[in-house]
Amino acid sequence: HDANNDGILNRNLLGIPTEEFGFSQNPKILTGPPKFGDCAVLVAGPQTNIQIQLLNFLS
């Protein structure tokens, strides 16, 4: 979610996102981004719905 509409995922000095973010399949985020296989989904057609829970580490 690009809260300030600048087109990038803003991060603090440690590289931690300061804006909400999420991955498909809602994997646990521990020390870095999840593996591709943990997030991949099959898009079966134009009516495919994917729900993504947004996270914010700083709130």
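This note covers the overall form of the chain and then one residue, Ser-24.

1. This is a predicted model, in which local features need pLDDT of at least 70, side-chain atom pairs count only at pLDDT 80 or more, and totals for chains, interfaces and linings use all residues. Residues are numbered from 1 along each chain as its sequence is written, and side-chain values use heavy atoms, with hydrogens and water left out.

2. The chain has one helix and zero strands (DSSP runs, numbered from the N terminus: H or I of at least four residues for helices, E of at least two for strands). Its radius of gyration is 13 Å, well over the 10 Å from the globule rule for 59 residues, so the chain is more spread out than a compact globule. That radius is taken over C-alpha atoms, and the rule is 2.2 Å times the number of residues to the power 0.38. The C-alpha trace spans about 40 × 25 × 15 Å along its principal axes.

3. Of the 59 residues, 15% are buried (under 20% relative accessible area, with a 1.4 Å probe and protein chains only). Among contacts (heavy atoms within 4.5 Å) with a separation of 6 or more, 42% join residues 24 or more positions apart.

4. Ser-24 lies in the segment before α1 (36-39). Ser-24 counts as buried because its relative accessibility is 15%. Its side chain reaches the backbone oxygen of Cys-39 at 2.2 Å. Leaving aside residues up to four places away in sequence, Ser-24 touches Asp-38, Cys-39, Ala-40, Val-41, Ile-50 and Ile-52.

Methods:
Buried < 20%, exposed > 50% of the residue type's maximum accessible area, 1.4 Å probe, protein only. Polar contact = N/O pair within 3.5 Å; in protein donor to acceptor, adjacent residues only side chain to side chain.
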